[in-house]
Amino acid sequence: MGTINCFIPFASVAQAQATVEELKKNELVNKIYLLANAEVTDSMDGCELIRVNNLNSSSTIKSVAEHAGEGQVLLYTKYDTLKFAPFAVERFVTILSDSQSGMVYADHYNVTEKGADKAPVIDYQMGSLRDDFDFGSVLFFCAACFKKAAAAMKADYEWAGLYDLRLKLSQFALITHINEFLYSDVELDTRKSGEKIFDYVDPKNRGRQIEMEQAVTEHLKEIGGYLEPNFKHIEFDRGEFEVEATVMIPVRNRIRTIRDAIKSVLSQKTDFKFNLMVVDNFSTDGTREAIDEFKDDPRLIHIIADYYDMGIGGYWNLAAHHEKAGKFIVQLDSDDMYKDENTLTTMVNAFYEQNVAMVVGTYMMTDINLNMIAPGIIDHKEWTPENGRNNALRINGLGAPRAFYTPVLRDVKIPNVSYGEDYALGLNISRIYQIGRVYTPVYLCRRWDDNSDASLDVEKMNRNNLYKDRVRTWELQARIALNKK
């Protein structure tokens with residue numbers, strides 16, 4: 001008799017037959033359970049049917065725990081055909097045992113009509129709190145650990161059950177990445193990376209997001225990383241500034257869009273003084289010359305950086321510490337534009353109205369010609385004054401445009417990277433200060449083929465996600481230490 005109890009999503013015999021037949025051939029497999037909703041009428045010889053509402057619910061996890069057995073649990077999370085490499089199941093079990101882990105997962109292949117592509121995943125760490133962390137579709141658990149984590153689950157979630165289980169398990173057991181390609185399955189979501197990154201703010205997913213926030217908040221409380229909604233008050237009287245606000249545009253080779261960005265700033269209507277800093281690093285496509293077309297406007301400050309080792313965060317540091325920097329610094333990407341002439345006033349007013357060190361606005365997705373495209377308006381309503389800084393550890397971004405009280409920005413410093421620098425900054429600031437929100441659209445985020453995140457290969461996406469997980473880990477460690485004080 002084998003030691004692995006397998007749990008397979010089941011919609012029909014045709015969908016699951018190849019997967020089940022392969023599992024039956026393996027001597028390590030003990031029982032195969034089919035996870036099916038009430039509408040499914042099929043069954044398969046040699047398998048037991050477990051009725052579930054959906055794969056990710058708390059009740060499903062509890063049902064799996066009841067049938068987990070005493071050895072290992074294999075949980076497959078796709079309605080596709082799963083094919084293991086030779087002796088891959090044995091490899092999963094060996095590493096699970098040798099590493100004394102509660103759960104292991106592995107690199108794999110995604111098979112589409114175009115062929116098979118490698119799908120490496122990244123290591124799990126303390127800060128891997130995203131509910132969409134990519135483990136692949138095959139999860140192997142120590143059965144005792146699975147049951148212990150399931151028993152610790154307090155809420156009855158419709159969508160966040162598997163996420164809750166993973167968080168609970170991580171509190172007492174290792175979650176280990178096997179960086180070997182051990183199986184193949186079908187990749188159904190073939191959208192580009194730039195089309196997937198906004199899924200979590202899609203309005204139709206709002207109910208899921210609320211549950212995920214509840215699960216991560218409970219987890220943070222249990223590990224000592226939760227922060228109460230108590231914030232440091234700001235007087236806005238630090239330092240002397242020639243202007244109230246500075247708009248900062250970091251740029252390299254954006255000849256197609258830089259003029260639009262600059263014009264949208266210089267057309268702002270305010271009752272305070274402001275300037276525009278364009279930090280240009282090694283532009284060679286005519287961008288530098290296009291910026292100089294506006295040199296007769298005294299509000300424009302063109303900073304030539306030309307550092308080989310400078311990321312966007314480095315651009316920000318130059319602007320924040322410039323002698324002509326304003327009391328507040330407001331972001332504008334070189335691809336994008338302010339929605340109208342009132343954006344800067346709206347963002348600056350929010351600092352005083354909400355007593356915050358950072359303000360995040362609301363933006364509208366458009367094409368290069370400013371026509372609105374899906375998902376439309378991104379308002380990041382998952383941020384709340386009471387719990388935003390805790391929930392920020394779960395999501396992958398805070399929104400745009402971003403604006404900062406310059407003395408705080410100078411204190412913190414910005415990571416010298418070109419991905420995640422704003423997110424790291426927001427986490428750091430929110431540890432002490434409140435972050436304000438503007439929920440009316442003030443910014444146009446233009447999507448086009450030359451966006452830096454329009455279509456990333458899997459290795460670059462992994463590097464980006466690994467960095468943000470590390471940022472979350474460092475921030476979580478700092479918050480735990482702060483609470484201990």
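This is a short talk on the fold, two helices and three single residues of one predicted chain.

Okay, some housekeeping. It's a predicted model, so local features need pLDDT of at least 70 and side-chain atom pairs count only at pLDDT 80 or more, while totals for chains, interfaces and linings use all residues. Residues are numbered from 1 along each chain as its sequence is written, and side-chain values use heavy atoms, with hydrogens and water left out.

Right, the overall picture. The chain has 15 helices and 18 strands; those are DSSP runs, H or I with at least four residues for helices and E with at least two for strands, numbered from the N terminus. The radius of gyration is 25 Å, close to the 23 Å from the globule rule for 485 residues, so the chain is as compact as a globular protein of that length. That radius is taken over C-alpha atoms, and the rule is 2.2 Å times the number of residues to the power 0.38. Along its principal axes, the C-alpha trace spans about 80 × 50 × 40 Å.

How much of the chain is buried? Buried residues make up 56% of the 485. Buried here is under 20% relative accessible area, exposed is over 50%, and partly exposed is in between, with a 1.4 Å probe and protein chains only. As for contacts, meaning heavy atoms within 4.5 Å: of those between residues at least 6 apart in sequence, 79% join residues at least 24 apart.

On to the helices. In H3, residues 88–98, the buried set is Ala88, Val89, Phe92, Val93, Ile95 and Leu96. They cover an arc of only 165° around the axis, so they sit on the same side of H3. The arc is that of the directions from the helix axis to the C-beta atoms. And what do they pack against? Strands S1 (4–9), S4 (72–76), S5 (83–84), S6 (103–112), S8 (138–142) and S9 (175–186). Following H3 there's glutamine 100, with a positive phi near 55°.

Now H1, residues 13–24. Gln15, Ala16, Thr19, Val20 and Leu23 are its buried residues. Their arc is only 100° around the axis, which puts them on the same side of H1. They pack against S1, S2 (29–36), S4 and S5.

Let me finish with three residues. Back in H3, we have aspartate 98. Is aspartate 98 buried or exposed? Exposed, with a relative accessible area of 60%. Its C-alpha is 57 Å from that of arginine 288, and the two residues are 190 apart along the chain.

Next, valine 458, which lies in H15, residues 458–484. Valine 458 is partly exposed, at 33% relative accessible area. The C-alpha atoms of valine 458 and lysine 118 are separated by 8.5 Å, with their positions 340 residues apart along the chain. Not counting residues up to four places away in sequence, valine 458 touches Lys118 and Pro120.

And last, glutamate 218, in H7, residues 206–223. Glutamate 218 is buried, with a relative accessible area of 17%. Which residues is glutamate 218 in contact with, leaving aside neighbours within four places in sequence? Lys154, Asp164 and Lys168.

That's it from me.
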